[in-house]
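Reader: I should be grateful for a close examination of the charged side-chain pairs in this model. Please treat their partners, their positions along the chain and their exposure in one connected account.

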Amino acid sequence: MPYNLEIEFKNLLSKDDFFALTKMFKLTIEDFVLQQNYYYDFDDILEEKQMALRIRVREGEKVVTLKQKAVQSQHAQVEITGDLEVPVGELLKNPSELLPKAIRNHLSMEQVVLPELENIGKVETLRKEIEYQGGSLCLDYNRFNDLDEDYELEYEYNASSINDGETIFDNFLVQNNIPRKPS
C-alpha cells in the first residue's frame with residue numbers, strides 16, 4: 001500500500017548520548033545501515049504545500065516518498081511511496097510522467113504541478129532500527145550536504161494513538177537521562 005500515516009517523534013542527541021545508547025544496545029558500526037536521502041522541489045512549490053519529496057537509496061534500492069503534514073498532529077505525516085523505476089536524471093526532467101503513479105495522483109489531487117525537479121539537499125544517515133514498545137527506535141548519525149552533522153533519536157510509532165507514542169518516547173528519554181531537544 002503506497003499510503004501510510006507515519007507517526008514519529010525526534011530528539012537531537014549529544015555525541016555522548018548517542019554513544020551511550022550504542023553501548024546500552026550493544027551496537028557496533030556493522031549494525032548500522034547507510035541510507036542516502038535526496039530531497040527535491042521546484043521553486044518551493046512543495047514546501048508551500050507542506051510537502052517534501054525524497055528519494056532514498058538504501059541497500060541498492062531507490063524509493064521515492066512524498067510526505068505531507070497530517071492534520072492530526074505535528075508528529076504525523078502522510079507518506080506516499082513507490083519504487084524509482086527510471087534514472088534520477090530522467091525523473092528530474094519529467095516528474096509529471098515519471099514519478100510513481102500514487103505520488104502523481106496525490107499531487108494532482110492537491111493541484112500541484114511540477115514542471116521539473118531540482119535537488120535541494122542531501123542527508124546521509126547511518127541508521128540502526130530497534131523494535132521498541134509498539135514501534136521502532138532509530139538511532140541516527142546524519143551528515144547534511146557533506147557539511148554539517150548531528151546525532152538523533154527517532155521513534156516511529158505504529159499504533160493509532162499519537163499520545164501513547166509520545167508518552168513512550170518521553171519516558172525513554174527520561175529513563176536514559178537524555179534532555180529533550182527537538183530535532
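Author: Glu129 and Arg58 form a salt bridge in this predicted model, with their closest N and O atoms 3.2 Å apart. Glu129 belongs to strand S6 (residues 118–132) and Arg58 to strand S3 (residues 51–58), so this pair ties together parts that lie 71 residues apart in sequence. Both partners are partly exposed: the relative accessible area is 36% for Glu129 and 23% for Arg58. The value for Arg58 counts as partly exposed because the buried class is reserved for residues under 20%.

A further pair involves strand S6 as well. Asp146 and Lys122 meet through their side chains in a salt bridge, at 3.2 Å from N to O. Lys122 is located in strand S6, whereas Asp146 sits in the loop between strand S7 (135–144) and strand S8 (148–157); the pair therefore ties together parts 24 residues apart in sequence. Asp146 is partly exposed, with a relative accessible area of 42%.

Arg127 and Asp140 make another salt bridge, and here the closest N and O atoms are 2.8 Å apart. This pair links distant parts of the chain, with Arg127 in strand S6 and Asp140 in strand S7, 13 residues apart. Arg127 counts as buried at 6% relative accessibility, and Asp140 is likewise buried, at 2%. Through salt bridges with shared partners, Arg127 and Asp140 are joined with Glu8, Lys10, Glu154 and Glu156 into one network. A search of the whole structure finds eleven salt bridges. As to the principle behind such pairs, side chains of opposite charge can pair when their charged atoms come close.

Lys67 offers a further case of a charged residue with acidic neighbours. Lys67 is part of strand S4 (residues 61–69) and has a relative accessibility of 15%, so it counts as buried, the limit being under 20%. Its side chain makes polar contacts with two side chains, that of Glu6 at 3.3 Å and that of Glu79 at 3.2 Å. Neighbours within four places in sequence being left aside, the residues in contact with Lys67 include Glu8, Gln50, Met51, Ala52 and Arg54. Gln77 and Val78 are also among the contacts of Lys67, as are Glu6 and Glu79 themselves.

Technical notes: Residues are numbered from 1 along each chain as its sequence is written. This is a predicted model: local features need pLDDT of at least 70, side-chain atom pairs count only at pLDDT 80 or more; totals for chains, interfaces and linings use all residues. Side-chain values use heavy atoms; hydrogens and water are left out. Helices (H or I, at least four residues) and strands (E, at least two) are DSSP runs, numbered from the N terminus. Buried means under 20% relative accessible area, exposed over 50%, partly exposed in between (1.4 Å probe, protein chains only). A polar contact is a pair of N or O atoms within 3.5 Å; within protein, one must be able to donate a hydrogen and the other to accept it, and residues adjacent in sequence count only if both atoms are side-chain atoms. Contact means heavy atoms within 4.5 Å. A salt bridge is a side-chain nitrogen of Lys or Arg within 4 Å of a carboxyl oxygen of Asp or Glu.
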